[in-house]
Amino acid sequence: MNTPTEWSTLEVAQVRGKSRLITSKSIQPLKVFNPASPGRTCHVVLSSYGGGMVAGDAIRLRIAGAAHAQLVVSTQASTRIFRSIDGAVAEQHTTGSLATGAMAVVFPDPVVLQAESRYRQTQQWQLEPDSLLLLVDWFHSGRMDQGERFAFTALHSELRVRVADRLVLLDRFAFSPAENIATSPGNFAGYQTFFSVFLVGSPTDARFQLLAELLARQKMPGSTGPHFNINSQECVISVAQARENVWVLRAAAHGRMALQPLCERILAALADKELLGYNPLARKY
C-alpha cells in the first residue's frame with residue numbers, strides 16, 4: 001500500500017522545434033515512459049507496478065505543457081483496480097495546465113473495475129484561450145472476459161476544465177452497484193464499457209475545428225428519432241456541443257471490440273498534419 005505525499009510531475013516544452021519532456025518525476029506506484037515519437041510531439045506513457053492499483057494506492061500527477069508544446073499521454077495497458085478488503089479506496093488525481101498554443105491529447109486504456117474494488121479519480125485542467133485539450137475517459141464494468149459485470153463496490157469520477165480561470169466543463173459521476181440496478185434501462189442496460197471524449201479549445205483554432213467536425217460526424221444516424229432501437233446496437237454514441245468551445249462524445253458498448261472503429265477514427269484524425277501528424281497509438285490499436 002502506497003500513499004505518497006509528493007506529486008509526480010511531467011513538464012513538456014519546445015526545444016529546437018520539438019516538444020520534449022524537460023521534467024519527469026514519478027512516485028510509486030506510477031511509472032513514466034517517454035518513447036520516441038515522430039514530428040514535434042512528446043509522447044508519455046503511464047504505467048504502474050503490477051499493472052493496476054490496489055486498495056489504498058494513490059497516484060497524484062501534475063502535467064504542464066509550455067507554450068506551443070504538443071503532448072500525448074497514454075497508458076501501457078488497461079488500469080486494473082483490484083478488490084478492497086478493508087474499505088480502502090484506490091485514487092488517481094491529475095492536474096494539468098496548458099500554456100498559450102499548447103495541445104494535449106490524453107488517450108488512456110480503460111480502467112477495469114474488478115469485483116469489490118473502490119476507485120476515485122479527479123482531473124483538473126487549466127487552459128489558455130488558445131490552447132487545446134482532447135481527453136478520453138474510459139472504464140469497463142469489470143473483467144468482461146471472465147463474465148464479471150458491475151461487481152465493483154464504488155466508482156467516483158470528476159473532471160473540471162477551466163479556460164482563463166473560467167470553469168467551462170464539469171463532469172461528475174458516481175455509482176455504487178449495491179445501491180442501484182446497474183443493468184436497468186435507466187442505468188447501463190446491457191452495456192459494459194463506457195467511453196467519453198471531451199474537447200476544449202478555441203472555436204477559431206483550426207485544430208479545434210478539425211476535431212469538432214470529427215466528433216460531430218460520429219453521431220449515429222436516426223439516433224434522435226422516435227423509432228430508434230437502442231437494443232439492437234452493439235455500440236451507441238451521442239455527441240453534443242456543450243459550449244462554443246466544448247464538445248462531448250459519449251459511447252457505450254457491449255464489449256471493447258465494438259468501440260474499436262470509433263477509437264480508430266479518432267486516432268486517424270489526430271494524424272492530420274494540423275494536429276499531431278501521426279497516429280500515436282498505431283501500433284496498439
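**Exercise 1. Where in helix α2 is the kink centred, and about how many degrees is the kink?**

Before we start, a friendly reminder that this is a predicted model.

Step 1. Locate the helix: α2 covers residues 256–270, which is 15 residues.

Step 2. Compare its span with the ideal one. From first C-alpha to last, α2 reaches 21 Å, close to the 21 Å expected at 1.5 Å a residue.

Step 3. Look for a bend. The kink in α2 is centred on Leu262 and comes to about 25 degrees.

Step 4. Check the surroundings of that point. Leu262 is among the buried residues of α2, along with Leu259, Gln260, Cys263, Ile266, Leu267, Ala269 and Leu270. The spacing is worth a thought: an α-helix has 3.6 residues a turn, so residues three or four places apart point the same way.

Step 5. Find the cover. The elements over these buried residues include the strands β10 (103–107), β13 (132–140), β16, β17 (235–243) and β18 (246–253), as well as helix α1 (206–217).

**Exercise 2. Work out why Cys235 forms no disulfide with the closest cysteine.**

Step 1. Identify the partner to test: the closest cysteine sulfur to that of Cys235 belongs to Cys263.

Step 2. Apply the distance. The two sulfurs are 9.0 Å apart, whereas a disulfide needs them within 2.5 Å, so Cys235 and Cys263 are too far apart for a bond.

Step 3. Widen the view. The count of disulfides comes to zero.

Step 4. Add the burial. Cys235 is buried at a relative accessible area of 13%, and Cys42 is buried at 3%.

**Exercise 3. Describe the setting of Thr75, from its strand to its polar contacts.**

Step 1. Place the residue: Thr75 belongs to strand β7, residues 70–75.

Step 2. Classify its exposure. Thr75 has a relative accessible area of 10%, which is under the 20% cut-off, so Thr75 counts as buried.

Step 3. List the contacts beyond four places in sequence: Thr75 touches Val45, Leu46, Phe107, Pro108, Asp109 and Lys284.

Step 4. Pick out the polar ones. The Thr75 side chain reaches the backbone nitrogen of Asp109 at 2.8 Å. A polar atom of that side chain also lies 3.4 Å from the backbone oxygen of Ala77.

**Exercise 4. Is Ser8 buried or exposed, and which residues does Ser8 contact?**

Step 1. Ser8 lies in strand β1, which runs over residues 8–15.

Step 2. With a relative accessible area of 1%, Ser8 is buried.

Step 3. Setting aside neighbours within four places in sequence, its contacts are Lys25, Ser26, Ile27, Leu30, Arg60, Leu61 and Arg62.

Step 4. For another serine, turn to Ser48 in strand β4 (residues 42–48). Ser48 is buried too, at 12%, and a polar atom of its side chain lies 3.2 Å from the backbone nitrogen of Gly52. Beyond four places in sequence, Ser48 touches Pro29 and Lys31.

**Exercise 5. Trace the hairpin of β14 and β15.**

Step 1. Take the strands: β14 spans residues 154–163 and β15 spans residues 166–175.

Step 2. Establish the pairing. The two strands are antiparallel, with nine bridges between them.

Step 3. Fix the register with one pair: Val161 is opposite Leu169 in β15.

Step 4. Inspect the turn. Two residues sit between the strands, and Ala164 takes a positive phi near 50 degrees.

Key: Residues are numbered from 1 along each chain as its sequence is written. This is a predicted model: local features need pLDDT of at least 70, side-chain atom pairs count only at pLDDT 80 or more; totals for chains, interfaces and linings use all residues. Side-chain values use heavy atoms; hydrogens and water are left out. Two strands pair if DSSP finds at least two bridges between them. Helices (H or I, at least four residues) and strands (E, at least two) are DSSP runs, numbered from the N terminus. Buried means under 20% relative accessible area, exposed over 50%, partly exposed in between (1.4 Å probe, protein chains only). Contact means heavy atoms within 4.5 Å. A polar contact is a pair of N or O atoms within 3.5 Å; within protein, one must be able to donate a hydrogen and the other to accept it, and residues adjacent in sequence count only if both atoms are side-chain atoms. The expected span of a helix is 1.5 Å times one less than its number of residues. The bend at a residue is the angle between axes fitted to the seven residues ending there and the seven starting there.
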